[in-house]
Amino acid sequence: MEFPEELKYTEDHEWVLVEEELVTVGISDFAQDALGDVVFVELPEVGTEVVAGKAFGVVESVKAVSDVYAPLSGVVEDVNEELPDTPEMVNTSPYDDGWMIKIRPTDNSDADNLMDTEAYQAHIAEEK
Amino acid sequence: MTQAGTSGLVLNEKLLFEHSEPGRKGYSLPTLDVPEATLPAELCRDEITGFPELSEVDVVRHFTRLSTWNYGVDSGFYPLGSCTMKYNPKVNEVAARMPGLADIHPATPQALTQGALALIYHLQEDLAEMSGFSAVTIQPAAGAQGELAGMLTIRAWHEAQGSTRSKVLIPDTAHGTNPATAALAGYDVVPIASDGVLSLAEVEAHMDDDVAALMVTNPNTLGLFETNIEPICKLVHERGGLVYCDGANFNALMGIARPGDMGIDVMHFNLHKTFSTPHGGGGPGAGPIGVAEHLVPFLPKPLVVRDGEAYRLDDDRPQSFGRLLAFNGNFGVLIRAYAYIRSMGAAGLKRATEMAVLNANYIRARLEDVYDLPYKNRSLHEVVFSDKNLAGGCHTLDVAKRLIDYGYHPPTIYFPLVVKGAIMIEPTETESREILDEFCDAMLVIAQEASDNPDLLHNAPTVPKVRRLDETTAARKPKLKWEG
């Protein structure tokens with residue numbers, strides 16, 4: 001299982017790529033593996049306001065339906081339009097093709113509270 | 001050990017469309033000897049394409065063959081956790097099919113349906129007595145509709161006091177329908193954590209002036225009794241909220257403990273589960289709700305009431321949140337439930353609960369050394385294992401599929417979500433010790449197979465007509481219609 005060093009992670013297993021203006025969000029390798037084959041993804045529309053810790057989308061696998069939570073508060077600037085038609089990308093490429101949304105955060109420094117790779121690996125070791 | 005699933009003659013069957021032959025008919029009418037009445041042209045389609053043309057025997061064989069592919073509680077053990085797949089005594093069917101009950105038109109004047117109204121009234125009274133509530137309505141046509149009726153009753157109560165509370169607390173061990181119900185009733189859902197059993201401190205931490213209600217399932221989806229329920233109800237009431245109980249697991253309480261006495265304000269019953277009517281095909285169900293005294297005026301209307309010797313539908317209920325359903329519940333289910341209650345009697349219902357709990361604990365005792373049991377509190381009517389101890393890269397789904405080879409309907413899997421790879425087993429009271437032993441033997445053999453020859457699990461099922469289905473492709477690229 002891979003957890004790229006350049007990303008930040010949440011307790012609910014989202015990953016976050018923090019860049020100059022926008023942050024990209026998806027679910028981690030651990031999350032996609034735990035869910036199993038993803039068959040449905042529901043994402044918000046561009047312009048939607050998201051609140052840190054609140055659900056912004058839904059991922060459904062053959063086993064379960066899960067909410068996906070916003071790691072930061074802000075406005076959705078871009079959505080992976082291909083994902084609803086090819087939900088398997090969440091499994092095959094969780095960190096690249098399987099990205100979900102890009103948020104323009106209200107306060108970029110909120111990302112400082114997220115976990116780095118090492119902390120996240122300790123977190124999932126605890127969950128197992 | 002004996003294996004219930006064996007090979008045998010399984011008849012294949014095409015779709016009705018594939019049986020069709022042009023001009024074949026399943027009826028024969030006498031020669032027309034009255035003037036022909038024609039429908040207005042605008043109501044008639046020019047042509048119906050692709051409609052199957054079949055004889056009577058084609059249709060009878062088609063459905064009879066399909067029926068042989070069924071697996072139901074009448075064919076074997078069906079330990080589907082949370083669903084209470086108990087055997088349904090056939091005397092209930094006899095009652096439900098009596099022409100005087102089965103053939104009533106729902107719009108028949110009340111003076112001519114006194115028997116049916118009396119049955120509903122006495123069912124309401126029996127359920128109220130068993131649950132400790134002041135009143136029961138039978139109107140909701142399913143468990144989820146019962147939940148909605150309960151939450152709308154709660155909303156009506158709050159609104160009558162000028163309160164605009166907007167949140168509902170739901171623990172992670174509640175039934176999966178509860179959050180959807182709260183959302184449909186217009187509330188924001190606040191998930192709260194439990195450690196198997198909900199603590200007073202967790203409720204206290206989230207219970208503020210904006211919380212309209214707490215929705216709990218008791219016993220919860222781990223099959224555990226919420227031992228703090230009384231102080232929790234007291235706290236929620238002190239802070240201006242109400243407590244909703246999902247009564248789907250009432251099979252663990254019936255005749256022993258009454259939710260009304262615990263301080264619960266509203267609970268729905270799943271008559272099709274606890275009170276023994278067939279529900280494996282998704283319905284029809286019945287989800288009556290019982291409420292405490294202060295909520296009675298807000299129940300959906302009409303309510304069946306008694307005036308001396310007569311029974312009537314009471315529509316004069318100004319504080320009611322309104323009507324929920326066109327008519328009065330799924331009456332056939334109500335008849336079966338009433339027949340069940342009357343034929344079991346008070347002592348029989350209590351005994352059923354005791355046996356349901358004993359059976360679940362028997363399975364737990366036989367399996368807990370082999371299958372991981374994440375929550376070790378005393379189980380009630382069901383027990384939840386995880387797949388943690390399985391060898392050979394085998395998971396819960398593999399165990400479920402392998403059980404089919406041994407002739408059992410699999411238990412509920414991957415629910416509740418608080419258990420990773422959950423295997424949720426609810427045997428119910430209607431199974432004998434021999435059946436339970438055979439099932440446990442199969443579970444133990446499967447755990448051994450996972451270690452010795454895991455492919456037996458990965459490739460299962462091998463005995464039934466259809467092998468393991470590709471659920472992923474079916475969900476990602478569903479074929480929703482036949483194309484010849």
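The following exercises concern a predicted model and are each followed by a worked solution. Residues are numbered from 1 along each chain as its sequence is written, chains are lettered from A and ligands numbered from 1 in the order in which they are written. In this predicted model, local features need pLDDT of at least 70 and side-chain atom pairs count only at pLDDT 80 or more, while totals for chains, interfaces and linings use all residues.

**Exercise 1.** Determine whether B:Ala160 is buried or exposed.

*Solution.* A residue is buried if 20 or more other C-beta atoms, placed from the backbone, lie within 10 Å of its own, exposed if 12 or fewer, and partly exposed in between. B:Ala160 has 11 other C-beta atoms within 10 Å, so B:Ala160 is exposed. This residue belongs to helix H6 (residues 143-160) of chain B; helices are DSSP runs of H or I with at least four residues, and strands are E runs of at least two, numbered from the N terminus.

**Exercise 2.** State which strands stand at the edges of the sheet S10-S12-S11 in chain B, and why one side of each is left without a neighbour.

*Solution.* The sheet is open, has 3 strands and shows antiparallel pairing, where two strands pair if DSSP finds at least two bridges between them. Strands S10 (383-385) and S11 (412-413) of chain B each have a single partner strand, so one side of each lacks a neighbour in the sheet. Between S10(B) and S12 (residues 423-425) of chain B there are 3 bridges. Within this pair, B:Val384 stands opposite B:Met424.
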